[in-house]
Each structure stands twice: as structure tokens, then as C-alpha cells.
Amino acid sequence: MVDAIIRILRSILCKTNNSYLPEPTSIGEIDNPELYKLLKELFPDATIFLSDKTYKTCSLSDITTFLKQDMTNKIGYEDELFDCDDFSYRLMGQFSVKPWSALAFGICWTDKHALNCFVDYTRKFRFIEPQSDETQDTLKTWQGTKVLLIIM
Ligand SMILES: [Ca+2]
């Protein structure tokens, strides 16, 4: 009986928590070997860690829609306590809800900075600066010059 009530409450709470979230619209797919090859060609010296066999892909506008409703970029920056690595982990966590969790979206470490990144349905790679929600084709000078690690 208690288990049944907990199950019902959990399903209601999960629905409520996710109801404000849009869903990605342009869903394509990229498998692990193709994604690895794409990232390795862009960043030959980086360590690439891909945990899933396949990833869903969406459009840039799906990502920007998500970023607009997400408040990670509104959090105040604080040295050590909540700095670039924390911003990137937090945004990754925000994307780690179904069905967004299936996307080719990840964390990227450079020689200076931590930020996020994704590959869209056209196979285009972009960086995301989680402190400003800006999507970028290339790193800015303050973000570093070299990608060292990508985790998706
Ligand atoms: Ca945002």
C-alpha cells in the first residue's frame, strides 16, 4: 500500500517537474564511432570519452530554447565555490533529464577553462558557455587555446 502511494506520488512529482521543459524537435542520431571520429578530427590531441552506443541529435534552436528556460547562467560566479567547472557540471546536469539526456551534449575542458559542447543534427560541433548561454563555433581567447577533454 505504502509502495503504491509512493509510486503514484513519484509519477505526479516527475510530471510536474518536467512539465515546463520543452522537448527537442529535430531528432536525428549519431552512433559512438561516428561521433568519436568527428570529435577526434576536430580536436586530435584531446581525450574523448563517450559513454553511450548512440546519441540523439537536435537543432541549435532546440538547444537555445532549452538554455533560455534554464537558469544556470544566472547563478553568481564565485572563485572555487562556483566557478567554471561547476557551471559546466551544473548545465550538464540540467540536460541530464529525459529526453534531453540522449543528446550528443557534454562537458569540455580546455587548457584554461571548463564549458559545454554539443553536436547538432547536421553534425556541427559547437561550444556552449554555461555562464552566458552563448553558443560558439570556436573558443574565445579567455576560454583557452586547446581542447584537452570532451565527455559526452
Ligand atoms: Ca539560461
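Which strands does helix H2 (residues 32-42) lie across? In this predicted model, helix H2 lies across S2, strand S5 (114-119), strand S6 (125-129) and S8. The direction of H2 is at about 160 degrees to that of S2. A second helix joins the picture here: helix H4 (residues 84-95) packs on the sheet and touches strand S4 (105-110) as well as S5. The angle between the directions of H4 and S5 is about 35 degrees.

The sheet beneath these contacts deserves a look of its own. Six strands make up this open sheet, arranged in the order S2-S8-S4-S5-S6-S7, with mixed pairing. Strand S2 (47-49) and strand S7 (134-136) stand at its edges; each has a single partner strand, so one side of each lacks a neighbour in the sheet. Direction ignored, neighbouring strands are turned against each other by 25 degrees on average.

At the S2 edge, the partner is strand S8 (residues 147-151), which runs parallel to S2 and is joined to it by three bridges. Within this pair, Thr47 has Leu149 of S8 as its bridge partner.

It is helpful to set these elements in the chain as a whole. The protein has four helices and eight strands, which follow one another along the sequence as α-β-α-β-β-α-α-β-β-β-β-β. Among contacts with a separation of 6 or more, 67% link residues 24 or more positions apart. Of the 152 residues, 24% count as buried.

How values were computed:
Residues are numbered from 1 along each chain as its sequence is written. This is a predicted model: local features need pLDDT of at least 70, side-chain atom pairs count only at pLDDT 80 or more; totals for chains, interfaces and linings use all residues. Helices (H or I, at least four residues) and strands (E, at least two) are DSSP runs, numbered from the N terminus. A residue is buried if 20 or more other C-beta atoms lie within 10 Å of its own, exposed if 12 or fewer, and partly exposed in between; C-beta atoms are placed from the backbone. Two residues are in contact if their C-beta atoms, placed from the backbone, lie within 7 Å. Two strands pair if DSSP finds at least two bridges between them. Axes are lines fitted to C-alpha atoms, for helices over the stretch in contact, and angles run from 0 to 180 degrees between N-to-C directions.
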